[in-house]
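This briefing gathers selected local features of one chain, grouped by topic, for a reader who will want to check each of them against the coordinates.

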Amino acid sequence: MKIFVLLKKTKLDNVKNIYDSKFEKLDVTEASEFLESILETCVENNCEPTSGSFAASLENNLITNSNGVSAFNKFTDFSAFVSINAEKKW
């Protein structure tokens with residue numbers, strides 16, 4: 001029984017457009033205003049927000065191996081969510 005398969009060597013593609021320069025200028029006030037607009041939308045739609053989160057991160061990744069692969073990527077990640085309670089209307 002064969003348990004594993006070794007893949008052929010392939011060229012690693014360069015990933016583009018994963019860094020957003022707006023990250024450098026992001027401040028707490030801007031993030032807070034963004035979340036407040038989400039909460040206002042919830043309330044306007046008769047929903048009760050119960051919790052939420054906002055996160056912004058900047059990451060630098062370097063991947064190298066003994067097969068000559070070497071890749072560096074700088075990327076940003078933004079995420080937001082709100083949990084709500086809502087009544088079903090029939």
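**Segment before helix 1**

L6 is found in the segment before helix 1, and the residue is exposed, with a relative accessible area of 73%. The model is a predicted one, and every value below should be read with that in mind. The points that follow begin with the surface around L6, then turn to backbone angles, and end with the surroundings of residues in strand 1.

**Nonpolar surface patch**

- Together with M1, I3 and F4, L6 forms a nonpolar patch on the surface, and the accessible area of these residues taken together is about 660 Å².
- Because the relative accessible area of L6 is 73% and exposed means over 50%, L6 counts as exposed.
- F4, another member of this patch, is likewise placed in the segment before helix 1, and its relative accessible area of 60% makes F4 an exposed residue.
- Between F4 and E36, which are 32 residues apart in sequence, the distance in space is 51 Å from C-alpha to C-alpha.

**Negative surface patch**

- E36 is also one of the residues of a negative surface patch, whose members are D27, E30, E33, E36, E40 and E44.
- Within this patch, E30 can be placed in helix 1, which covers residues 28-44.
- E30 has a relative accessible area of 44%, so it is partly exposed, and this value also satisfies the requirement of over 30% relative accessible area that applies to residues in patches.

**Positive phi angles**

- Most residues other than glycine have a negative phi, and the two asparagines described next can be read against that background.
- N17 is not a glycine, yet its phi is positive at about 60°; the residue is found in the segment before helix 1, where it is exposed with a relative accessible area of 80%.
- N46 also has a positive phi of about 60° without being a glycine, and it is found in the loop between helix 1 and strand 1, the latter spanning 48-64.
- Like N17, which is exposed, N46 is classed as exposed, in its case with a relative accessible area of 59%.

**V15 and its separation from K74**

- V15 lies in the segment before helix 1 and is partly exposed, its relative accessible area being 46%.
- Although V15 and K74 are 59 residues apart in sequence, their C-alpha atoms are 9.8 Å apart in space.

**Residues of strand 1**

- P49 has its place in strand 1 and is partly exposed, with a relative accessible area of 30%.
- When residues up to four places away in sequence are not counted, P49 touches L39, C42, V43, V82, S83 and I84.
- P49 and A86, which are 37 residues apart in sequence, have a C-alpha to C-alpha distance of 8.8 Å in space.
- A56 is found in strand 1 as well, and with a relative accessible area of 31% this residue is partly exposed.
- Leaving aside neighbours within four places in sequence, A56 is in contact with F23, L26, D77 and F78.
- For one of these contact partners, D77, the separation between its C-alpha atom and that of A56 is 5.6 Å, although the two residues are 21 residues apart along the chain.

Technical notes
Residues are numbered from 1 along each chain as its sequence is written. This is a predicted model: local features need pLDDT of at least 70, side-chain atom pairs count only at pLDDT 80 or more; totals for chains, interfaces and linings use all residues. Side-chain values use heavy atoms; hydrogens and water are left out. Patches are made of residues with over 30% relative accessible area and no salt bridge: like charges are joined within 9 Å, nonpolar side chains (Val, Leu, Ile, Met, Phe, Trp, Tyr) within 5 Å. Accessible areas come from the Shrake-Rupley method with a 1.4 Å probe; for residues, only the protein chains shown count as cover. A salt bridge is a side-chain nitrogen of Lys or Arg within 4 Å of a carboxyl oxygen of Asp or Glu. Lys and Arg count as positive and Asp and Glu as negative; His and the chain ends are not counted. The place of a charge is taken as NZ of Lys, CZ of Arg, CG of Asp or CD of Glu. Helices (H or I, at least four residues) and strands (E, at least two) are DSSP runs, numbered from the N terminus. Buried means under 20% relative accessible area, exposed over 50%, partly exposed in between (1.4 Å probe, protein chains only). Contact means heavy atoms within 4.5 Å.
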